[in-house]
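Here is a short briefing to keep beside you while you turn the model on your screen. Take it topic by topic, and pick out each residue as you come to it.

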Amino acid sequence: MFTHSRRNLTWWFTLSMGSILLMFSGVVYYQRVAYQLEAVDRLLYKKARVIAASIEYEETAADFEPINLDKAPLLGNTPPPADTEVFYARWYQPTGQLSHFFGPSPPEQLEQGPAFQTLQWPTDNASNSLSFGSAVTYAPLQLRQITLPVHHQEQVIGYLQMATPMTPVQESLRQTLMGFAITVPITLGVIGLTGWGLSGLAMWPIRKSYQQLQQFTADASHELRTPLATILSNAQVGLLAPGDRTAEKHQRLEKIVTATQSMNKLVSQLLLLARHSDSLNTQTLQTVDLNSLIKNLLESEPICTAAQAITLSATLPDAPVWVEAEPDLLHQAIANVLSNACKYTLEGGWVKISLSKGARSAWIQVADSGIGIPAADLPHIFERFYRVDKQRSKATGGLGLGLAIAQQIVQAHGGDIYVSSELGQGTCFQVELPY
Ligand code: ATP
Ligand code: MG
């Protein structure tokens, strides 16, 4: 129970901290992208300004070309430096007509777009007209492009378009992502471990007070057994004693015996619940054959008595089915489920018990054609002292502890109990026990 809650706490802690971590990483990554892009744009703009500043403009006759790009880096006569980061540079006339270029052959007409753009190279229309030789295929390249209108005395004299590869930026972002891919899982692992430790700390006082409560119940139940046994034996001796056997006195003694017997049952069941609240001590476990355990159970006196007015049948495999268990406790758990099936099945009805082997667990199924359990009560029937119909259970003498004990025993063995029921049709309990 506590391990389950601790695991839940750890899981939710890791999930919430993990989400915060992922959100934080996302924001950091986004900021890094924005910062790197801004740096590229700034550099591109600076380079474009240098080229633009070296363009000479002469106002001459209308039919004479007024722009002189001779001294402009990349576009002019001087050969471009070998280590230039500029992928292409283009000069367009104010009409948008291509005039000069450096790099792969550009479109003849200026394509209007935003001042800064991220493009893929080769573009669909450019890939057909690559000037670097058609036999070579190029991996798509991300480019950052600037289109800068160049002015002279507030008049546009042309457009300078330049682009630089984004490879260094992409490489840096790839490294950032790689860093996240390594650090995020490690941090999540550390968060998980921290969560496990913290939830252990948080559970400690709860576990301690629960154990104290269990200890108290166990001690009180144990201490009550002796006086109860004394009362019972005295009342039974009183019933047997010769002498004054007036009906009233006899009746009173019988009432004392009945009340003490039911208190005895309650006390033993509370003791059982208190003693086996955690998982079992592995040293007390034995290898138990479920097949013979069920056969013995079917032959036991309480079940035979309970099944008198109904048809009780069993489907058991030929071979033994071994599980690690405490045989007496397991016997008690299955007996509780089976006696319920007999108790809550009307005369003439049937109860079937079967045993089967699964991949990892053995399954015991107890089905009956009894009165069934309303859907609203199903989630509660394993609670202590819970009875569906108080009137009905009073008549059958139930305390509402049988299923709570069965569930606790089965869970202490690492298994679980599942129930499905239809009101007026019958109920089916399935007990899962790991090998
Ligand atoms: P106790 O077992 O302590 O003598 P109980 O049988 O009333 O008393 P549980 O065995 O815990 O208590 O069962 C809880 C309730 O679930 C029962 O009161 C009964 O209403 C319902 N129940 C359990 N098994 C069946 C079943 N096979 N068919 C119909 N109702 C059932
Ligand atoms: Mg019961």
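The notes below go from the overall layout to the cores, then to one helix and the ligand.

This is a predicted model. The protein has eight helices and 14 strands. With a radius of gyration of 43 Å, well over the 22 Å that the globule rule gives for 435 residues, the protein is more spread out than a compact globule.

**Overall layout**

- Two domains divide the protein: domain 1 covers 2–179 and domain 2 covers 279–434.
- The centres of domain 1 and domain 2, taken over C-alpha atoms, are 74 Å apart.
- Measured out along the principal axes, the C-alpha trace spans about 150 × 45 × 40 Å.
- Of the 435 residues in the protein, 23% are buried.
- Among contacts with a separation of 6 or more, 66% are between residues 24 or more positions apart.

**Nonpolar cores**

- In soluble globular proteins, nonpolar side chains tend to be buried together.
- The largest nonpolar core holds 41 residues, and Leu290, Ala333 and Val337 touch the most other members.
- Elements that each supply at least two residues of this core include helix 4 (290–299), strand 11 (350–357), strand 12 (361–368) and helix 8.
- Helix 6 gives the largest share of this core, with eight residues.
- Leaving aside residues up to four places away in sequence, Leu290 touches Val321, Val323, Leu355, Ala362 and Ile364.
- Another core, of 23 residues, lies apart from it and includes Trp91, Tyr92, Tyr159 and Val169.

**Helix 8**

- Is helix 8 mostly covered or mostly open? Mostly covered, as ten of its eleven residues are buried.
- Among these buried residues are Gly402, Leu403, Ile405, Ile409 and Val410, along with Gln407 and Gln408.
- The partners that the buried residues of helix 8 pack against are helix 3 (247–275), helix 6, strand 13 (416–422) and strand 14 (426–434).
- Gly414, just after helix 8, takes a positive phi of about 85°.

**Around ligand 1**

- Which residues are closest to ligand 1? They are Tyr344, Val388, Gly398, Gly402 and Leu403, out of 23 residues that surround the ligand.
- Helix 6 (327–343) and helix 8 (402–412) are the elements that give two or more residues to this shell.
- By class, the shell has eleven nonpolar, nine polar and three charged residues.
- Gly402 and Leu403 link two of these topics: both are among the closest residues to ligand 1, and both are buried residues of helix 8.

Note on methods:
Residues are numbered from 1 along each chain as its sequence is written. Chains are lettered from A and ligands numbered from 1 in the order in which they are written. This is a predicted model: local features need pLDDT of at least 70, side-chain atom pairs count only at pLDDT 80 or more; totals for chains, interfaces and linings use all residues. Domain bounds come from an automatic or database domain assignment. A residue is near a molecule or strand if its C-beta atom, placed from the backbone, lies within 6 Å of it. Helices (H or I, at least four residues) and strands (E, at least two) are DSSP runs, numbered from the N terminus. Ala, Val, Leu, Ile, Met, Phe, Trp, Tyr, Cys and Pro count as nonpolar, Asp, Glu, Lys and Arg as charged, and the others, Gly among them, as polar. The radius of gyration is taken over C-alpha atoms; the globule rule is 2.2 Å times the number of residues to the power 0.38. A residue is buried if 20 or more other C-beta atoms lie within 10 Å of its own, exposed if 12 or fewer, and partly exposed in between; C-beta atoms are placed from the backbone. Two residues are in contact if their C-beta atoms, placed from the backbone, lie within 7 Å. A nonpolar core is a set of buried Ala, Val, Leu, Ile, Met, Phe, Trp, Tyr and Cys residues joined through C-beta atoms within 7 Å.
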